[in-house]
Amino acid sequence: MIRGKVTIAEEICKGCELCITACPQESLGLSDKINLKGYRYAVLIQDNCTGCINCALVCPDAAITVYRQKKPVKGVGPQVQIAA
Amino acid sequence: MDLPPITNGFELVYQKPQTLTETPMHYCPGCGHGVVHRVLMEVIDEMGLQDRTIGVAPVGCSVFAYEYMNIDVQEAAHGRASAVATGIKRVLPDRVVFSYQGDGDLAAIGTAETIHTVNRGENILMLFINNGVYGMTGGQMAPTTLLGMKTTTSPYGRETSLAGYPLKITELLAQLPGSYYVTRQAAHTAAAVRKLKKAVQLSLQYQLLNKGTCFIEVVSNCPSGWKMTPTESNKWLEANMFPIYPLGDLKTPAQPMN
Ligand SMILES: Cc1ncc(C[n+]2csc(CCOP(=O)(O)OP(=O)(O)O)c2C)c(N)n1
Ligand code: SF4
Ligand code: SF4
Ligand code: SF4
(Lines give C-alpha, C1' and ligand atoms only; values in the text may rest on other atoms or scores of the structure.)
(Ligands and ions follow the chains in the order given, each with its own letter.)
Protein backbone atom coordinates (compact mmCIF):
# COMPACT_ATOMS: atom_id res chain seq x y z
CA MET A 1 0.00 0.00 0.00
CA ILE A 2 1.20 3.48 -0.81
CA ARG A 3 1.71 5.45 2.35
CA GLY A 4 0.84 9.08 2.77
CA LYS A 5 0.99 11.78 5.39
CA VAL A 6 -0.98 14.95 5.85
CA THR A 7 -0.23 18.04 7.86
CA ILE A 8 -3.08 20.31 8.89
CA ALA A 9 -2.61 23.99 9.70
CA GLU A 10 -4.41 23.76 13.02
CA GLU A 11 -4.88 27.50 13.51
CA ILE A 12 -6.40 27.83 10.01
CA CYS A 13 -8.72 24.82 10.31
CA LYS A 14 -12.35 25.59 11.16
CA GLY A 15 -13.32 22.05 12.06
CA CYS A 16 -15.86 21.81 9.25
CA GLU A 17 -15.23 18.05 9.02
CA LEU A 18 -15.45 17.99 5.20
CA CYS A 19 -12.00 16.41 5.01
CA ILE A 20 -13.11 13.74 7.46
CA THR A 21 -16.11 12.92 5.25
CA ALA A 22 -13.94 12.95 2.11
CA CYS A 23 -11.23 10.62 3.40
CA PRO A 24 -11.72 7.09 1.99
CA GLN A 25 -9.40 5.67 4.68
CA GLU A 26 -11.13 7.22 7.68
CA SER A 27 -7.73 8.54 8.65
CA LEU A 28 -8.95 11.87 9.98
CA GLY A 29 -10.87 13.00 13.01
CA LEU A 30 -11.31 16.07 15.19
CA SER A 31 -8.86 17.03 17.91
CA ASP A 32 -9.75 17.02 21.59
CA LYS A 33 -8.14 20.43 21.94
CA ILE A 34 -9.46 23.63 20.43
CA ASN A 35 -7.50 26.19 18.42
CA LEU A 36 -7.36 29.93 19.05
CA LYS A 37 -10.54 30.45 17.03
CA GLY A 38 -12.30 27.98 19.28
CA TYR A 39 -12.62 25.17 16.77
CA ARG A 40 -11.70 21.55 17.18
CA TYR A 41 -9.35 20.97 14.30
CA ALA A 42 -8.77 18.04 11.98
CA VAL A 43 -6.01 15.58 12.95
CA LEU A 44 -4.74 12.22 11.72
CA ILE A 45 -6.27 9.56 13.95
CA GLN A 46 -4.94 6.49 12.12
CA ASP A 47 -1.66 5.85 10.41
CA ASN A 48 -3.27 4.52 7.22
CA CYS A 49 -3.27 7.60 4.98
CA THR A 50 -2.50 6.83 1.33
CA GLY A 51 -1.81 10.40 0.27
CA CYS A 52 -4.80 10.43 -2.13
CA ILE A 53 -5.23 14.23 -1.56
CA ASN A 54 -9.05 14.01 -1.38
CA CYS A 55 -9.06 15.80 1.98
CA ALA A 56 -6.94 18.65 0.64
CA LEU A 57 -9.17 19.05 -2.43
CA VAL A 58 -12.32 19.59 -0.38
CA CYS A 59 -10.81 21.75 2.37
CA PRO A 60 -12.37 25.23 2.04
CA ASP A 61 -9.56 26.80 4.03
CA ALA A 62 -6.62 25.25 2.18
CA ALA A 63 -5.35 23.97 5.51
CA ILE A 64 -4.07 20.59 4.32
CA THR A 65 -0.69 19.65 2.84
CA VAL A 66 -0.21 16.10 1.60
CA TYR A 67 2.93 13.98 1.24
CA ARG A 68 3.27 10.57 -0.32
CA GLN A 69 5.93 7.93 -0.06
CA LYS A 70 8.03 7.79 -3.17
CA LYS A 71 7.34 4.67 -5.22
CA PRO A 72 9.96 2.05 -4.35
CA VAL A 73 12.12 0.93 -7.26
CA LYS A 74 11.53 -2.79 -7.78
CA GLY A 75 14.40 -5.17 -7.17
CA VAL A 76 16.63 -2.56 -5.64
CA GLY A 77 17.42 -2.57 -1.96
CA PRO A 78 17.40 0.81 -0.27
CA GLN A 79 16.19 3.46 -2.68
CA VAL A 80 18.94 5.50 -4.30
CA GLN A 81 18.57 8.77 -6.13
CA ILE A 82 20.31 8.80 -9.47
CA ALA A 83 21.05 12.16 -10.98
CA ALA A 84 19.51 12.54 -14.44
CA MET B 1 4.06 29.00 4.85
CA ASP B 2 5.88 26.81 7.34
CA LEU B 3 6.11 23.36 5.88
CA PRO B 4 7.34 20.56 8.06
CA PRO B 5 10.56 18.94 6.86
CA ILE B 6 9.79 16.28 4.32
CA THR B 7 10.24 13.01 6.08
CA ASN B 8 12.64 10.63 4.51
CA GLY B 9 11.20 8.98 1.42
CA PHE B 10 8.10 11.18 1.29
CA GLU B 11 7.42 13.76 -1.39
CA LEU B 12 5.07 16.69 -1.42
CA VAL B 13 1.96 15.89 -3.47
CA TYR B 14 -0.42 18.69 -2.55
CA GLN B 15 0.00 22.12 -1.08
CA LYS B 16 -2.04 25.30 -1.12
CA PRO B 17 -1.38 27.38 -4.26
CA GLN B 18 1.13 30.21 -3.87
CA THR B 19 -1.30 32.71 -5.40
CA LEU B 20 -3.73 32.17 -2.53
CA THR B 21 -2.59 34.55 0.22
CA GLU B 22 -1.79 33.51 3.78
CA THR B 23 -4.74 35.58 5.07
CA PRO B 24 -7.21 33.28 6.87
CA MET B 25 -10.52 33.35 5.04
CA HIS B 26 -13.52 34.83 6.81
CA TYR B 27 -16.00 32.33 5.37
CA CYS B 28 -18.10 30.15 7.64
CA PRO B 29 -16.73 26.64 8.26
CA GLY B 30 -17.34 24.41 5.24
CA CYS B 31 -18.37 27.20 2.86
CA GLY B 32 -17.78 26.42 -0.83
CA HIS B 33 -16.40 29.90 -1.56
CA GLY B 34 -13.03 28.90 -0.12
CA VAL B 35 -12.78 25.83 -2.35
CA VAL B 36 -13.59 27.82 -5.48
CA HIS B 37 -11.03 30.50 -4.55
CA ARG B 38 -8.38 27.85 -4.12
CA VAL B 39 -9.16 26.07 -7.40
CA LEU B 40 -9.07 29.35 -9.29
CA MET B 41 -5.73 30.39 -7.78
CA GLU B 42 -4.32 26.92 -8.41
CA VAL B 43 -5.09 27.17 -12.13
CA ILE B 44 -3.67 30.70 -12.33
CA ASP B 45 -0.50 29.40 -10.64
CA GLU B 46 -0.17 26.41 -12.93
CA MET B 47 -0.79 28.46 -16.07
CA GLY B 48 1.70 31.11 -14.91
CA LEU B 49 -0.89 33.88 -15.15
CA GLN B 50 -0.48 35.51 -11.73
CA ASP B 51 1.02 38.75 -13.02
CA ARG B 52 -1.47 39.24 -15.81
CA THR B 53 -4.77 38.23 -14.21
CA ILE B 54 -7.31 40.76 -12.97
CA GLY B 55 -10.31 39.59 -10.97
CA VAL B 56 -13.49 41.46 -10.18
CA ALA B 57 -15.05 40.80 -6.77
CA PRO B 58 -18.77 41.12 -6.02
CA VAL B 59 -20.91 42.26 -3.16
CA GLY B 60 -21.86 39.20 -1.17
CA CYS B 61 -19.90 36.94 1.16
CA SER B 62 -17.00 36.94 -1.32
CA VAL B 63 -16.73 40.74 -1.15
CA PHE B 64 -13.27 40.33 0.39
CA ALA B 65 -12.05 37.90 -2.29
CA TYR B 66 -9.19 40.33 -2.99
CA GLU B 67 -7.77 39.60 0.46
CA TYR B 68 -7.23 35.99 -0.51
CA MET B 69 -6.11 36.26 -4.11
CA ASN B 70 -2.60 37.53 -4.70
CA ILE B 71 -3.48 39.08 -8.05
CA ASP B 72 -4.97 42.43 -9.03
CA VAL B 73 -8.63 42.56 -8.03
CA GLN B 74 -11.17 45.33 -8.50
CA GLU B 75 -14.24 45.52 -6.29
CA ALA B 76 -17.49 46.17 -8.15
CA ALA B 77 -20.80 47.65 -7.03
CA HIS B 78 -23.48 45.06 -6.24
CA GLY B 79 -24.29 43.03 -9.36
CA ARG B 80 -21.98 44.97 -11.65
CA ALA B 81 -18.92 42.70 -11.66
CA SER B 82 -19.31 41.59 -15.27
CA ALA B 83 -19.73 45.20 -16.45
CA VAL B 84 -16.56 46.21 -14.60
CA ALA B 85 -14.76 43.16 -16.01
CA THR B 86 -15.92 44.21 -19.49
CA GLY B 87 -14.29 47.61 -19.06
CA ILE B 88 -11.04 46.13 -17.76
CA LYS B 89 -10.79 43.56 -20.53
CA ARG B 90 -11.52 46.12 -23.24
CA VAL B 91 -8.88 48.53 -21.97
CA LEU B 92 -6.32 45.81 -21.21
CA PRO B 93 -7.08 43.01 -23.68
CA ASP B 94 -3.80 41.22 -22.95
CA ARG B 95 -4.87 40.55 -19.34
CA VAL B 96 -6.79 37.53 -18.19
CA VAL B 97 -9.99 38.81 -16.60
CA PHE B 98 -12.59 37.04 -14.49
CA SER B 99 -15.61 38.09 -12.48
CA TYR B 100 -16.66 36.20 -9.36
CA GLN B 101 -20.25 36.53 -8.14
CA GLY B 102 -22.91 34.94 -5.98
CA ASP B 103 -26.46 34.27 -7.10
CA GLY B 104 -27.91 37.36 -5.42
CA ASP B 105 -25.27 39.47 -7.12
CA LEU B 106 -25.28 37.86 -10.57
CA ALA B 107 -28.86 36.66 -10.95
CA ALA B 108 -30.85 39.27 -9.00
CA ILE B 109 -29.53 42.82 -8.81
CA GLY B 110 -27.03 42.21 -11.63
CA THR B 111 -29.26 40.30 -14.07
CA ALA B 112 -29.11 43.00 -16.74
CA GLU B 113 -25.32 43.30 -16.62
CA THR B 114 -24.97 39.53 -16.65
CA ILE B 115 -27.16 38.99 -19.71
CA HIS B 116 -25.67 41.84 -21.69
CA THR B 117 -22.08 40.91 -20.90
CA VAL B 118 -22.67 37.42 -22.22
CA ASN B 119 -24.74 38.71 -25.12
CA ARG B 120 -21.84 40.91 -26.18
CA GLY B 121 -19.59 37.86 -25.92
CA GLU B 122 -17.07 39.67 -23.75
CA ASN B 123 -13.86 37.70 -23.65
CA ILE B 124 -13.87 37.03 -19.90
CA LEU B 125 -14.51 34.19 -17.47
CA MET B 126 -17.61 34.65 -15.32
CA LEU B 127 -17.73 32.53 -12.17
CA PHE B 128 -21.13 32.16 -10.61
CA ILE B 129 -21.45 30.66 -7.13
CA ASN B 130 -25.02 29.48 -6.73
CA ASN B 131 -25.88 28.68 -3.13
CA GLY B 132 -29.57 29.46 -3.46
CA VAL B 133 -29.62 32.27 -0.90
CA TYR B 134 -28.22 35.68 -0.05
CA GLY B 135 -25.57 34.39 2.32
CA MET B 136 -23.98 37.65 3.40
CA THR B 137 -27.15 39.36 4.54
CA GLY B 138 -28.50 36.42 6.51
CA GLY B 139 -29.90 33.80 4.16
CA GLN B 140 -32.73 35.59 2.36
CA MET B 141 -34.49 34.14 -0.68
CA ALA B 142 -32.64 34.56 -3.98
CA PRO B 143 -33.98 34.08 -7.53
CA THR B 144 -32.24 30.68 -7.42
CA THR B 145 -33.91 29.54 -4.17
CA LEU B 146 -35.64 26.19 -4.68
CA LEU B 147 -39.41 25.82 -4.49
CA GLY B 148 -40.38 24.99 -0.95
CA MET B 149 -36.98 26.03 0.38
CA LYS B 150 -37.16 27.88 3.67
CA THR B 151 -35.20 31.10 3.93
CA THR B 152 -35.51 34.09 6.22
CA THR B 153 -37.79 35.77 3.66
CA SER B 154 -39.69 32.60 2.72
CA PRO B 155 -40.16 31.12 6.19
CA TYR B 156 -42.82 28.67 4.96
CA GLY B 157 -40.84 27.75 1.86
CA ARG B 158 -40.63 29.47 -1.54
CA GLU B 159 -43.99 29.52 -3.25
CA THR B 160 -44.51 30.15 -6.97
CA SER B 161 -47.63 32.25 -6.52
CA LEU B 162 -45.60 34.75 -4.54
CA ALA B 163 -42.03 34.38 -5.78
CA GLY B 164 -42.06 32.58 -9.13
CA TYR B 165 -39.66 29.81 -10.06
CA PRO B 166 -35.97 29.14 -9.44
CA LEU B 167 -34.13 31.11 -12.13
CA LYS B 168 -31.95 28.88 -14.27
CA ILE B 169 -29.85 31.74 -15.50
CA THR B 170 -27.08 29.47 -16.74
CA GLU B 171 -29.48 27.73 -19.16
CA LEU B 172 -30.63 31.15 -20.27
CA LEU B 173 -27.09 32.39 -20.91
CA ALA B 174 -26.21 29.25 -22.86
CA GLN B 175 -28.84 30.32 -25.42
CA LEU B 176 -27.00 33.54 -26.19
CA PRO B 177 -24.65 33.45 -29.17
CA GLY B 178 -22.02 35.39 -27.19
CA SER B 179 -21.38 32.56 -24.75
CA TYR B 180 -18.66 30.20 -25.90
CA TYR B 181 -18.38 27.70 -23.07
CA VAL B 182 -21.06 27.29 -20.41
CA THR B 183 -20.82 24.66 -17.73
CA ARG B 184 -22.28 23.81 -14.34
CA GLN B 185 -19.96 22.33 -11.75
CA ALA B 186 -19.75 21.75 -7.99
CA ALA B 187 -17.02 21.88 -5.35
CA HIS B 188 -18.25 19.60 -2.59
CA THR B 189 -16.35 16.37 -3.31
CA ALA B 190 -12.83 15.63 -4.50
CA ALA B 191 -14.18 14.41 -7.86
CA ALA B 192 -16.26 17.57 -8.30
CA VAL B 193 -13.26 19.75 -7.44
CA ARG B 194 -11.14 17.99 -10.08
CA LYS B 195 -13.83 18.62 -12.72
CA LEU B 196 -14.23 22.23 -11.66
CA LYS B 197 -10.50 22.72 -12.05
CA LYS B 198 -10.65 21.36 -15.61
CA ALA B 199 -13.48 23.77 -16.43
CA VAL B 200 -11.46 26.72 -15.10
CA GLN B 201 -8.38 25.63 -17.07
CA LEU B 202 -10.43 25.30 -20.23
CA SER B 203 -12.08 28.70 -19.73
CA LEU B 204 -8.77 30.49 -19.29
CA GLN B 205 -7.31 28.73 -22.32
CA TYR B 206 -10.32 29.86 -24.38
CA GLN B 207 -9.87 33.39 -23.09
CA LEU B 208 -6.24 33.38 -24.21
CA LEU B 209 -7.57 32.40 -27.66
CA ASN B 210 -10.14 35.26 -27.59
CA LYS B 211 -13.09 32.91 -27.90
CA GLY B 212 -15.75 34.88 -26.02
CA THR B 213 -17.54 34.55 -22.71
CA CYS B 214 -16.90 31.46 -20.63
CA PHE B 215 -19.39 30.94 -17.84
CA ILE B 216 -19.00 28.51 -14.94
CA GLU B 217 -21.78 28.02 -12.44
CA VAL B 218 -20.70 26.30 -9.24
CA VAL B 219 -23.64 24.81 -7.37
CA SER B 220 -22.50 25.40 -3.82
CA ASN B 221 -23.58 25.37 -0.21
CA CYS B 222 -24.29 27.93 2.46
CA PRO B 223 -24.21 25.97 5.72
CA SER B 224 -25.03 29.07 7.78
CA GLY B 225 -27.86 30.31 5.56
CA TRP B 226 -29.28 26.82 5.21
CA LYS B 227 -28.86 26.23 8.95
CA MET B 228 -27.04 22.93 8.51
CA THR B 229 -23.66 21.48 9.32
CA PRO B 230 -21.25 21.56 6.36
CA THR B 231 -21.60 17.81 5.80
CA GLU B 232 -25.41 18.01 5.96
CA SER B 233 -25.37 20.95 3.56
CA ASN B 234 -23.40 18.96 0.99
CA LYS B 235 -25.83 16.05 1.25
CA TRP B 236 -28.74 18.44 0.90
CA LEU B 237 -27.06 20.01 -2.12
CA GLU B 238 -26.84 16.66 -3.89
CA ALA B 239 -30.39 15.67 -3.03
CA ASN B 240 -32.11 18.98 -3.71
CA MET B 241 -30.00 21.39 -5.76
CA PHE B 242 -28.69 18.94 -8.37
CA PRO B 243 -32.12 17.83 -9.65
CA ILE B 244 -32.94 21.47 -10.46
CA TYR B 245 -29.40 22.52 -11.34
CA PRO B 246 -27.92 19.40 -12.98
CA LEU B 247 -24.16 19.35 -13.37
CA GLY B 248 -22.42 19.19 -16.72
CA ASP B 249 -21.61 21.23 -19.81
CA LEU B 250 -24.46 23.27 -21.25
CA LYS B 251 -22.51 24.58 -24.19
CA THR B 252 -19.13 23.58 -25.56
CA PRO B 253 -17.34 24.47 -28.79
CA ALA B 254 -18.01 20.91 -30.01
CA GLN B 255 -21.68 21.15 -29.08
CA PRO B 256 -22.51 24.84 -29.41
CA MET B 257 -26.15 24.35 -28.50
CA ASN B 258 -27.65 21.38 -26.75
C1 LIG C 1 -27.24 48.11 -3.77
C2 LIG C 1 -27.26 47.09 -2.68
N3 LIG C 1 -28.39 46.41 -2.44
C4 LIG C 1 -28.42 45.45 -1.48
C5 LIG C 1 -27.30 45.17 -0.75
C6 LIG C 1 -27.37 44.11 0.33
N7 LIG C 1 -26.71 42.88 -0.07
C8 LIG C 1 -25.44 42.64 0.27
S9 LIG C 1 -24.90 41.15 -0.25
C10 LIG C 1 -26.41 40.80 -0.93
C11 LIG C 1 -26.66 39.48 -1.61
C12 LIG C 1 -25.55 38.50 -1.54
O13 LIG C 1 -25.93 37.26 -1.99
P14 LIG C 1 -25.13 36.43 -3.07
O15 LIG C 1 -24.77 37.28 -4.22
O16 LIG C 1 -25.94 35.22 -3.38
O17 LIG C 1 -23.77 36.05 -2.37
P18 LIG C 1 -23.46 35.13 -1.12
O19 LIG C 1 -23.36 36.07 0.03
O20 LIG C 1 -24.53 34.13 -0.98
O21 LIG C 1 -22.15 34.53 -1.46
C22 LIG C 1 -27.29 41.84 -0.73
C23 LIG C 1 -28.69 41.83 -1.22
C24 LIG C 1 -26.13 45.91 -1.05
N25 LIG C 1 -24.99 45.66 -0.38
N26 LIG C 1 -26.12 46.85 -2.00
S1 SF4 D 1 -4.66 12.09 1.75
FE2 SF4 D 1 -6.40 10.74 1.36
S3 SF4 D 1 -6.09 9.02 2.76
FE4 SF4 D 1 -4.76 10.69 3.48
S5 SF4 D 1 -5.97 11.75 5.03
FE6 SF4 D 1 -6.31 12.80 3.08
S7 SF4 D 1 -8.15 11.85 2.22
FE8 SF4 D 1 -7.38 10.49 3.84
S1 SF4 E 1 -11.70 20.48 5.60
FE2 SF4 E 1 -10.08 21.92 6.22
S3 SF4 E 1 -11.10 23.40 7.56
FE4 SF4 E 1 -12.46 21.63 7.39
S5 SF4 E 1 -11.93 20.33 9.13
FE6 SF4 E 1 -10.69 19.63 7.41
S7 SF4 E 1 -8.77 20.76 7.57
FE8 SF4 E 1 -10.26 21.80 8.87
S1 SF4 F 1 -23.06 32.92 4.95
FE2 SF4 F 1 -23.10 31.18 3.56
S3 SF4 F 1 -22.08 31.85 1.66
FE4 SF4 F 1 -21.55 33.28 3.31
S5 SF4 F 1 -19.59 32.56 4.15
FE6 SF4 F 1 -21.23 31.72 5.42
S7 SF4 F 1 -21.69 29.73 4.50
FE8 SF4 F 1 -20.52 30.90 2.98
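In the predicted model, strand E4 of chain A, spanning residues 64-69, is joined to E1(B) by four bridges, and the two strands run antiparallel. Within this pairing, Val66(A) has Tyr14(B) of E1(B) as its bridge partner.

This strand pairing belongs to an interface in which 32 residues of chain B are in contact with 29 residues of chain A. Phe10(B), Val13(B) and Tyr14(B) together supply 25% of the area that chain B buries against chain A, more than any other three residues. The area buried between the two chains is about 2500 Å², and carbon and sulfur atoms give 64% of that area.

With respect to polar interactions, ten residue pairs are in polar contact across the interface of chain B and chain A, both members of each pair being at pLDDT 80 or more. The count of salt bridges between chain B and chain A, by contrast, is zero. On the side of chain B that touches chain A, the elements giving two or more residues are strand E1 (10-14), helix H1 (32-46), helix H8 (190-208) and helix H10 (230-244) of chain B. Of these elements, E1(B) gives the most, with five residues. Classified by residue type, the side of chain B that touches chain A comprises 18 nonpolar, ten polar and four charged residues.

A second strand of chain B, E5 (residues 125-130), was examined for its burial and its pairing. Six of the six residues of E5(B) are buried, so this strand is largely enclosed by the rest of the structure. In a regular strand, side chains alternate between the two faces of the sheet. In E5(B), Leu125(B), Leu127(B) and Ile129(B) point one way, whereas Met126(B), Phe128(B) and Asn130(B) point the other way. The residues of both sets are all buried.

E5(B) pairs in the parallel sense with strand E4 of chain B (residues 96-102), over five bridges. In this pairing, Tyr100(B) stands opposite Leu127(B) of E5(B). E5(B) also pairs in the parallel sense with strand E9 of chain B (residues 213-219), here over six bridges. The bridge partner of Leu127(B) in E9(B) is Ile216(B). Leu127(B) therefore faces Tyr100(B) in one pairing and Ile216(B) in the other, and Leu127(B) is itself among the buried residues of E5(B).

Technical notes. Residues numbered from 1 in each chain as written. Chains lettered and ligands numbered in written order. Predicted model: local features only at pLDDT ≥ 70, side-chain atom pairs only at ≥ 80, totals over all residues. Heavy atoms only, no water. Contact = heavy atoms within 4.5 Å. Buried area = accessible area lost by both parts, 1.4 Å probe. Salt bridge = Lys/Arg side-chain N within 4 Å of Asp/Glu carboxyl O. Polar contact = N/O pair within 3.5 Å; in protein donor to acceptor, adjacent residues only side chain to side chain. Nonpolar A, V, L, I, M, F, W, Y, C, P; charged D, E, K, R; others polar. Pairing = 2+ DSSP bridges. Buried < 20%, exposed > 50% of the residue type's maximum accessible area, 1.4 Å probe, protein only.
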